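Hi,

Here is the structure I promised to pass on. Please open it and keep it in view while you read my notes below.

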Amino acid sequence: MYYFIVNPASGNGRIIPLMNRLKQLLTQKGILGEFTKTTAKVEAIHLARIATRKGNSTVIIVGGDATVHEGLNGIAGTDCVLGVIPMGENNYIAKRLGISMNWKEAVEEIASRKVLQADIGKVVQYKTYFFLSAGIGAEIDVSQEKKKKKKILFQQKSYKKLFHISPFKMGASIDRSYKIFARATNISVINADDTFHMVPYKDTFDIQDKLLDVNILIPESDKKNILGMNKDIQQNISHIRV
């Protein structure tokens with residue numbers, strides 16, 4: 001049986017007028033199951049856990065990246081399969097999984113039962129799994145602004161952050177075999193790129209290679225101009241596969 005978790009707020013309510021047509025198409029394809037709707041943030045985690053306890057073999061997220069991320073955290077560690085019908089604004093996770101952005105085609109892919117085994121990462125301190133990336137620093141701050149601001153405001157805010165960012169001391173233990181210490185402006189652990197990371201090798205991420213990529217951005221210079229901005233914000237990029 002399939003268990004559908006629908007976020008009616010995804011994509012500014014894009015799913016609402018399509019709901020009846022979606023259910024009709026699923027029925028035509030013989031894809032039957034229970035439908036539930038989220039009413040608050042992180043509720044999809046709870047609903048996905050309910051689905052696994054009920055013995056459902058597949059959880060289908062009808063929504064965007066945030067809801068898919070919650071669904072992942074609800075089924076991680078089980079034998080349940082996670083499916084996606086993309087209905088968000090960006091749908092980065094679905095794109096990296098090769099899922100069609102057209103909801104009808106996404107249903108066709110579910111009907112064909114095309115399943116792959118993908119890597120995920122885990123932030124142990126918070127018991128949270130991630131599919132795209134996790135990190136701290138300038139890029140993470142700016143990517144959050146990108147989600148909240150319109151394009152012009154985003155550019156103004158992001159440039160301000162990048163020009164004024166101060167390096168912080170960081171340390172990383174890599175594969176328990178060696179350690180890195182540096183003064184960096186950002187460190188990210190990447191499984192599948194979410195299109196924002198400032199790296200020249202975005203197309204090389206492989207979600208099935210059982211490896212994660214570590215990016216450490218180290219500024220060339222700490223010198224400031226009279227406006228208090230970094231004179232040179234060019235970054236040295238340390239890239240490690242672990």
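Start with the lining of the second largest pocket. This is a predicted model, so read what follows as computed from that prediction. Four elements each give the lining at least two residues: β3 (58–63), α4 (65–75), β4 (81–86) and α6 (103–111). The pocket has a volume of about 900 Å³. In total, 33 residues line this pocket. Those closest to its centre are Val81, Leu82, Val115, Leu116 and Ala118. What kinds of residue make up the lining? It has 20 nonpolar, eight polar and five charged residues.

Next, look at one residue of α6. Lys104 sits in that helix. Is Lys104 buried or exposed? Neither label fits: its relative accessibility is 41%, so Lys104 counts as partly exposed. Leaving aside residues up to four places away in sequence, Lys104 touches Arg21 and Leu25. Now find Leu26. Along the chain, Lys104 and Leu26 are 78 residues apart, yet 9.3 Å separates their C-alpha atoms.

Now the sheet. Four strands form an open sheet, and their order is β2-β1-β3-β4. The pairing is parallel. Which strands stand at the edges? They are β2 (33–37) and β4. Each has a single partner strand, so one side of each is left without a neighbour in the sheet. From one strand to the next, the twist averages 20 degrees.

Zoom in on one pair. β3 and β4 run parallel and are joined by six bridges. To see one residue pair, find Val62: its bridge partner in β4 is Ile85.

Two helices go with this sheet. Helix α3 (residues 43–53) packs on the sheet and touches β1, β2 and β3. The direction of α3 makes about 170 degrees with that of β1. Helix α2 (residues 19–28) lies across β1 (2–6), β2, β3 and β4. Against β2, helix α2 runs at about 160 degrees.

Then check two backbone angles. Most residues other than glycine have a negative phi. Which way does Val42 go? Its phi is positive, about 65 degrees, although Val42 is not a glycine. You will find Val42 in the loop between β2 and α3. Val42 has a relative accessible area of 51%. The cut-off for exposed is over 50%, so Val42 is exposed.

Lys210 is another case. It is not a glycine, and its phi is positive at about 60 degrees. Where is Lys210? It lies in the loop between β10 (186–190) and β11 (213–219). Its relative accessibility is 72%, so Lys210 counts as exposed.

Last, step back to the protein chain. How many helices and strands does it have? There are eight helices and 12 strands. The chain has 242 residues, and 43% of them count as buried. Take the contacts with a separation of 6 or more: residues 24 or more positions apart account for 62% of them.

A good way through the model is to go in the order above. Begin with the pocket, then Lys104, then the sheet with its helices, and end with the two loops.

Best wishes

Key: Residues are numbered from 1 along each chain as its sequence is written. This is a predicted model: local features need pLDDT of at least 70, side-chain atom pairs count only at pLDDT 80 or more; totals for chains, interfaces and linings use all residues. Side-chain values use heavy atoms; hydrogens and water are left out. On a 1 Å grid over the protein atoms alone, a cavity is a set of points where a 1.4 Å probe fits but cannot get out, and a pocket is an open set with protein on both sides within 12 Å along at least five of seven lines; lining residues have an atom within 4 Å of a point. Grid points are joined across faces, edges and corners, and a volume is the space filled by probe spheres set on the points. Ala, Val, Leu, Ile, Met, Phe, Trp, Tyr, Cys and Pro count as nonpolar, Asp, Glu, Lys and Arg as charged, and the others, Gly among them, as polar. Buried means under 20% relative accessible area, exposed over 50%, partly exposed in between (1.4 Å probe, protein chains only). Contact means heavy atoms within 4.5 Å. Two strands pair if DSSP finds at least two bridges between them. Axes are lines fitted to C-alpha atoms, for helices over the stretch in contact, and angles run from 0 to 180 degrees between N-to-C directions.
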